Amino acid sequence: MNGRFVLAMARRELRSARRRFALYGACMAIGIAVVVGLHALRATVRHAVDLQSQEMLGADLRLSSRAPLEDDVLARLAALAPGETSTITRFGSMALVERTGRTRLVDVHAIEGGYPFYGAIVTHPPERWRELSTARREALVDPSLLIQLDARVGDTLVLGETRFEIAGEVRKAPGSFGLRTQVAPRVFVAQRYLAETGLVRLGSLVEYLRYLKVPLARLGPWLAANEQALDGARVRLQTVASYQEDMSRSFAALTRYLGLVGLAALALGTVGVASGVRVFVREKFDAVAVLRSLGARPRDVVAVYSLLAVALGAAAGLLGVVLCIPLLWIFPALMQDVLPVEVALRLEPATIATGVILGLGATAVCALGPLLDLSAVSPLRALRRDLGTDASAPRRGRTLVLVVLGLSGLAASIWQAPRWDVGLGFAAGLAVALGVLAASARLAAQVLRRHAPRRAAYWLRQGIANLFRPRNHTLPTTVAIGFALFLVASLHTVQYSVLAQMALDSSGVRPNLVLFDVQPDQVQPLDAFLAERGARTLERAPLVSARLGALRGVASEERLRGGDLPRELRWALRREYQLTYRSELRDSETIVAGQWWDDSDDYTDQLMPVSMEDDLAHRLDLVLGDRITWQVQGVEVESVVTSIRKVDWGRLATNFFVVMPPAALEQAPQSAVVLAHLADADARAALQRDLVGEFPNVSALDASVILRAVDATMAQVSTAIRVLALFTLGTGLAILLAAASAARSERMREALLLRVLGASLSTVRRIQATEALALGSLAAGVGSVLSLAAAWALVHFLFELPFAAPWLDLSVLTLATLGITALLGSLGSRHARELSPQAALRASERFGTGAA
Amino acid sequence: MIVARNLTQRYSRPSGGETLTVLGGVDLEVASGEVVVVLGPSGSGKTTLLGLLAGLDRPTEGDVRLDGIELAGLDEDGRAQLRAERVGFVFQTFQLVPTLTALENVLVPLELLPRGRAPEPAVAELRARELLGRVGLERRTDHYPAELSGGEQQRVGLARAFANEPRILFADEPTGNLDRATGHEVADLLFELNRERGTTLVIVTHDLELSQRASRIVHLSAGRIARIEQP
């Protein structure tokens with residue numbers, strides 16, 4: 001290869017096309033910025049988790065279980081000889097502030113010992129944490145509780161049968177981040193007052209936590225020796241390492257989903273740049289033919305433009321890294337409630353390398369086909385322009401390019417996606433969306449060609465004809481702008497539908513009050529209590545805690561000991577189930593296999609029938625007729641699977657994985673959950689206040705609180721998605737500018753010629769405005785229709801909710817897209833309009849000879 | 001210098017069916033330093049013949065020896081190298097690279113020379129400037145083609161054609177896109193440069209005036225040599 005020639009030519013080409021290349025670079029850089037920005041955020045969070053995980057866990061080892069630890073477990077712990085131990089008993093309860101009379105479901109943490117052993121709990125007033133265990137009936141609370149209950153430090157907080165003084169607020173505690181505390185703010189009290197509150201009874205939902213400080217050298221071997229036994233005893237272990245992994249994994253999954261939106265922007269940019277590069281390369285055919293006739297070899301020519309592609313890719317990658325810096329500032333602020341740690345953002349070499357690799361990859365995808373075309377340009381074209389006008393690479397080469405393009409898109413999707421199947425689905429979805437947009441653009445061009453208005457004014461005919469004439473940019477513009485609008489509008493529509501459904505759920509006669517931990521002897525009095533206050537009891541379901549003792553005669557412990565089981569199966573075998581019993585099937589349930597029971601049977605000397613939820617049945621590999629042994633608080637209940645149900649979990653109803661007939665569980669220790677409806681918000685607040693006095697152990701959750709919490713969380717995530725979608729829209733606009741720039745010389749020549757031939761300025765302006773408007777309408781129309789279709793499919797099939805479209809928002813979005821597209825499109829050749837016919841003639845000659 | 005035997009070129013129509021014979025069994029020899037003009041009406045096969053003689057295309061039948069080298073024995077790269085080292089071109093439509101300045105256009109053939117034969121960059125630039133000065137464009141070296149008149153563009157084309165000191169120069173209607181006076185000037189320059197450097201020159205044209213300055217005129221008609229005359 002002639003290196004000197006290649007370098008010199010590449011430098012000169014870059015000089016002449018730098019504006020166009022800058023636009024191409026910008027198209028790709030925006031998508032790269034999103035992908036590497038999230039990559040950097042993920043790396044930063046992982047780094048912060050690694051640094052802070054010991055403080056976030058507050059100990060070296062944490063044990064959690066749904067029941068007080070058994071003697072065997074305590075003996076094993078004693079053998080570990082921890083330096084320090086601390087316990088927390090955690091449960092949900094209602095809290096009442098006496099002065100304001102306001103109540104709220106809270107997350108009670110009853111603490112004993114020196115937790116946390118690492119890090120510090122920051123309180124206001126300061127140093128109140130250390131005094132909590134010694135002080136008389138004091139409570140520390142999350143700041144949100146004070147706001148929600150209109151309380152202040154010094155107020156009395158009623159928990160069950162005990163009154164605590166609010167001694168301060170907890171500003172910072174290990175492992176706390178906003179989302180959890182929105183539904184149930186935390187209240188910290190000393191464990192010695194727990195019995196006094198009367199809140200923990202048989203059947204109450206309680207989590208028992210034990211924190212240990214242990215030298216790492218002792219912890220490792222102890223874990224290896226005891227992990228399985230503790231697993232069998234349903235004790236969940238968490239070490240600093242596993243905590244790190246859990247935190248990083250859950251955050252990584254979220255950012256990877258967001259990263260897919262970035263990848264969509266990058267795909268869009270790549271598609272746009274690819275079409276721009278094709279035009280650029282087509283314009284180079286003559287120059288390449290001349291170079292070839294002067295003695296340049298095909299590989300020299302390919303090397304010149306490959307070098308340009310590499311420069312473009314690297315520059316786009318670096319620009320993407322620079323553009324991601326503002327994202328690194330915006331994202332933590334947008335997602336503060338879902339970030340597990342405080343992060344100090346930094347740009348790592350790996351991030352920069354990722355950006356450059358993405359840039360190079362995307363450019364390779366854009367340039368591969370056009371480079372093949374360039375290598376096939378015949379030198380004879382320098383003599384005869386009619387020969388080799390459309391240099392086309394051999395068919396085999398084209399097929400290879402298509403395969404490479406498809407595979408690289410697929411590889412990028414799978415690399416970015418949280419799971420390979422998600423990546424595959426995403427790539428397929430993207431291909432379908434792009435395919436539909438491209439097909440729509442082609443179809444529209446064909447329809448216009450056949451049915452173009454023949455009697456309309458000249459400017460109108462000419463403007464519309466520009467959409468289907470040779471070298472039109474209908475396809476790239478429709479795909480780029482349509483795709484950007486499609487992304488933004490479909491995301492917005494899905495969010496709107498989900499929120500609309502939730503708002504509907506919280507209105508009408510649907511349940512808006514959930515009461516749980518209702519003891520059997522409280523069921524009748526509670527009904528009366530609710531009725532007195534105008535609340536309507538809609539559903540009541542008994543809850544019986546049970547564990548899976550054996551499946552088809554094989555004990556769960558045995559299976560758990562048996563070796564490598566999938567994580568989900570381990571969880572299903574080990575978890576505590578909340579069983580219920582009833583005679584009838586609910587509206588939210590459908591039998592998919594077997595039959596519901598006949599309530600007249602008393603099942604004496606028979607196996608108890610059990611109905612399993614279909615996903616759980618699948619996970620446990622259960623079919624009709626399989627035997628299950630349940631351990632119901634020390635008593636074994638033998639059952640046989642007689643039906644499998646599909647459950648609509650989206651409904652605010654008492655849904656269960658496992659249901660048995662009343663005869664099976666009526667006598668078991670149990671509590672109940674009650675769903676009620678009370679329309680008036682003030683009356684609901686008053687009911688909850690009175691509830692604390694009359695039924696201190698019963699907790700109530702106002703559905704509007706859940707709605708607000710979910711709304712706030714969705715708003716955070718959807719804002720993040722919208723920011724990304726805006727980047728996509730930015731890519732679309734950059735592509736539009738690039739497309740306009742690519743077609744500029746063509747349009748310029750036409751406009752100049754028209755001016756010379758006598759067209760008035762206003763005619764030229766009208767032609768260009770018509771073209772831009774028609775193009776904008778097509779892109780915005782196809783994009784919005786496609787977004788509605790995609791949103792409907794997502795809402796209907798994935799969320800299984802009724803579809804609701806935000807028509808006004810969509811109209812504004814579509815019109816704005818149309819307007820911007822039309823404006824940018826008509827800017828392309830404004831110079832031609834500004835020239836006098838004399839100057840136009842000169843310029844026309846110049847363009848005629850040097851348009852390449 | 002050039003020996004062509006039974007040169008035949010056929011093209012099949014894109015729609016299929018019959019093939020089109022553009023050139024049929026042409027035999028031609030051009031001696032070193034000779035100036036040969038190929039004359040003929042449009043469609044007579046002049047440009048095809050030029051393309052085949054210069055190695056820009058492969059004949060359907062027949063062969064060409066250029067400066068003692070059999071073109072049929074060379075692959076695409078080999079023919080490109082031969083052109084870079086021994087051949088120069090002047091085109092009817094000038095064919096300057098629009099993104100390069102006049103100087104850079106003239107530099108291209110020097111940069112394409114293989115290592116060992118390519119002059120140092122400073123030497124190459126000096127030679128390109130000299131050539132541009134020779135064609136009267138010393139003040140237009142940094143101008144782009146779009147900033148030059150047709151006559152000026154063809155002068156740059158001439159400077160570029162002689163830059164690599166070719167042994168054979170092919171000119172395709174070199175004055176075809178120029179007015180009479182400018183065409184005269186360009187033709188004068190072409191012949192002067194040719195004389196100075198002793199280059200073999202093959203010109204394709206239908207300009208009779210230009211043909212009178214050749215040492216031999218080859219008349220082409222319907223893809224065959226009708227006659228050869230000396231002016």
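Two strands are said to pair if DSSP finds at least two bridges between them. In this predicted model, strand β1 of chain B, residues 2-12, and strand β4 of chain B, residues 61-66, meet that condition, since they pair in the antiparallel sense over five bridges. One place to look for this pairing is B:Val3, whose bridge partner in β4(B) is B:Arg65.

The two strands belong to a wider arrangement, an open sheet of four strands in chain B that run in the order β2-β1-β4-β5, with antiparallel pairing. At the edges of this sheet stand β2 (19-30) and β5 (69-70) of chain B, each of which pairs on one side only. As a general point, the strands of a sheet pair through backbone hydrogen bonds, either parallel or antiparallel.

Around that sheet, the secondary structure of chain B comes to seven helices and ten strands. Chain B has 231 residues, of which 48% count as buried, and among its contacts between residues at least 6 apart in sequence, 70% join residues at least 24 apart. The predictor's confidence in this chain can be read from its mean pLDDT of 89, with 98% of the residues of chain B reaching 70 or more. For the model, the scores are ipTM 0.82 and pTM 0.64.

Where chain B meets chain A, the contact takes 27 residues from chain B and 26 residues from chain A. On the side of chain B that touches chain A, at least two residues each are supplied by α1 (46-53), α2 (76-86) and α3 (102-111) of chain B. The element that gives the most to this side is α2(B), with six residues. Sorted by class, the side of chain B that touches chain A is made up of 15 nonpolar, five polar and seven charged residues.

Chain A has 852 residues, of which 45% count as buried, and its secondary structure comes to 27 helices and 21 strands. If one takes the contacts in chain A with a separation of 6 or more, residues 24 or more positions apart account for 86% of them.

A walk along chain A can begin with helix α1, which covers residues 3-16. The 14 residues of this helix should span 20 Å at 1.5 Å a residue, and because the end C-alpha atoms of the helix are 20 Å apart, the expected and the modelled spans agree. The buried residues of α1(A) are A:Phe5, A:Val6, A:Met9 and A:Glu13. Seen down the axis of α1(A), these buried residues fall within an arc of 95 degrees, and so they line one face of the helix. An α-helix has 3.6 residues a turn, so residues three or four places apart point the same way. The face of α1(A) that is turned away from the buried side carries the exposed residues A:Gly3 and A:Arg15.

Further along chain A comes a stretch in which several backbone details deserve attention. A cis peptide bond, with omega about -5 degrees, joins A:Tyr115 and A:Pro116, and A:Pro116 is found in the loop between β3 (102-113) and β4 (122-124) of chain A. Another cis peptide bond joins A:His124 and A:Pro125, where omega is about -5 degrees, and A:Pro125 has its place in the loop between β4 and α4 (128-132) of chain A.

That loop between β4 and α4 of chain A also holds A:Glu127, a residue other than glycine whose phi is nevertheless positive, near 65 degrees. Is A:Glu127 buried or exposed? A:Glu127 counts as exposed, because its C-beta neighbours inside 10 Å number 11, and a residue is exposed if 12 or fewer other C-beta atoms lie within that distance. A:Arg137, in the loop between α4 and β5 (138-141) of chain A, is not a glycine either, yet has a positive phi of about 45 degrees. With 17 C-beta neighbours inside 10 Å, A:Arg137 counts as partly exposed.

The walk ends in helix α25 of chain A, residues 807-827, where A:Leu815 is found. A:Leu815 is partly exposed, with 13 other C-beta atoms within 10 Å. A:Leu815 and A:Ala780 are 35 residues apart in sequence, while their C-alpha atoms are 7.6 Å apart in space.

How values were computed: Residues numbered from 1 in each chain as written. Chains lettered and ligands numbered in written order. Predicted model: local features only at pLDDT ≥ 70, side-chain atom pairs only at ≥ 80, totals over all residues. Buried ≥ 20, exposed ≤ 12 C-beta atoms within 10 Å, placed from the backbone. Contact = placed C-beta atoms within 7 Å. Expected span 1.5 Å × (residues − 1). Arc of directions from axis to C-beta. Nonpolar A, V, L, I, M, F, W, Y, C, P; charged D, E, K, R; others polar. pLDDT = per-residue confidence, 0-100.
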